[in-house]
Amino acid sequence: MTPFDLRPLFPLERELLLDLLASLDTAEWTKPTVCPGWAVRDITAHILNDYVRRLSGLRDGHPGAVFANDETLPRYLARTNDEFVRAMRQCSPNTMIDLLTHLGPQLDDAWAAVDPAGPAHLDVSWAGAGPSPAWLDIAREYTEHWVHQQQIRDAVSRPGADDVTLLHPVIVTFMHAVPHALRNQSRPPGTAVRFEVTGPAGGTWDVVSDGAGWDLTAPSATAPVATVRLDQNTLWRLASRGITVEQGSRRAELDGDRGLAECAASLLAVVG
């Protein structure tokens, strides 16, 4: 796929987040979310952790917390995320809002100094093994902020932040997880799996085999051997594991080669 630059969307997404957080009452800050054991205030702290971690790494070259012995990346992230969230429970909502407001523009400046065509500061493991381009790392970070805002909105029953301008880039970014989901499926070169995401922010993509792996492309001239069709709301929730693979499959239409379609529909766009 052609590289894209989502940096202009960071201030827009953050403005909506800050407006949302400023509108919450005391009870809403304690509402449970889809993240087990985390309330709205904890998701907010986690977003703040993303800001602090990225600023420290991008701008300051700080290596971050040290891996424990034999600690995998998912375990490392779960531990360090939980440590930060627990520590931030001593801070008020207003303090977290102030920190997000203060650090957000600084993070925008740090991203502005990054060459999108250069190597990623953090590789995007769910998009495949090997080095990632910076533009995909930037896009991954945008999707994380956006998804966490939606988790807060769900918890407090507030719609919004899901217009086409903000959501379509999330869908496009998450589609980069499909080739990795198909990595163990060997098919002849030219075999195509089609993904149709319905809704204003959706679109159509093909994932095409070259005999050794799979590439994300625009719709190809080759008729797909399998098709996955699902709505935009299901796609982002599935890719971020707000719903399970089984729930996603029940909401989707899977046609053609069932094995390929089910495998493609198991896409995961978070570290797990």
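Helix α7, residues 164-175, lies across strands β1, β2 and β3 in this predicted model. Its direction runs at about 10 degrees to that of β2, which covers residues 203-209. Another helix, α9 (residues 232-239), also packs on the sheet, where it touches β1 and β4. The direction of α9 makes about 100 degrees with that of β4.

The sheet that carries these helices is open and has five strands, in the order β3-β2-β1-β4-β5. Its pairing is mixed. At the edges are β3 (214-217) and β5 (253-256), each of which pairs on one side only. From one strand to the next, the twist averages 15 degrees. Within this sheet, β1 (residues 192-198) pairs with β4 (residues 226-231) in the parallel sense, over six bridges. F195 has V228 in β4 as its bridge partner.

Residues 13-152 are listed by UniProt, in an unreviewed entry, as "domain: Mycothiol-dependent maleylpyruvate isomerase metal-binding". This span is 64% helix and 0% strand. The C-alpha atoms at its two ends lie 13 Å apart.

Two loop residues have a backbone angle to note. D70 is found in the loop between α3 (40-58) and α4 (73-88). Its phi is near 60 degrees, a positive value in a residue other than glycine. The relative accessible area of D70 is 79%, so this residue counts as exposed. R241, in the loop between α9 and α10 (245-251), also has a phi near 60 degrees, and R241 is likewise not a glycine. With a relative accessibility of 31%, R241 is partly exposed.

Conventions. Residues are numbered from 1 along each chain as its sequence is written. This is a predicted model: local features need pLDDT of at least 70, side-chain atom pairs count only at pLDDT 80 or more; totals for chains, interfaces and linings use all residues. Side-chain values use heavy atoms; hydrogens and water are left out. Two strands pair if DSSP finds at least two bridges between them. Helices (H or I, at least four residues) and strands (E, at least two) are DSSP runs, numbered from the N terminus. Axes are lines fitted to C-alpha atoms, for helices over the stretch in contact, and angles run from 0 to 180 degrees between N-to-C directions. Contact means heavy atoms within 4.5 Å. UniProt positions are given in the numbering used here, feature names are shortened, and annotations may be inferred rather than shown by experiment. Buried means under 20% relative accessible area, exposed over 50%, partly exposed in between (1.4 Å probe, protein chains only).
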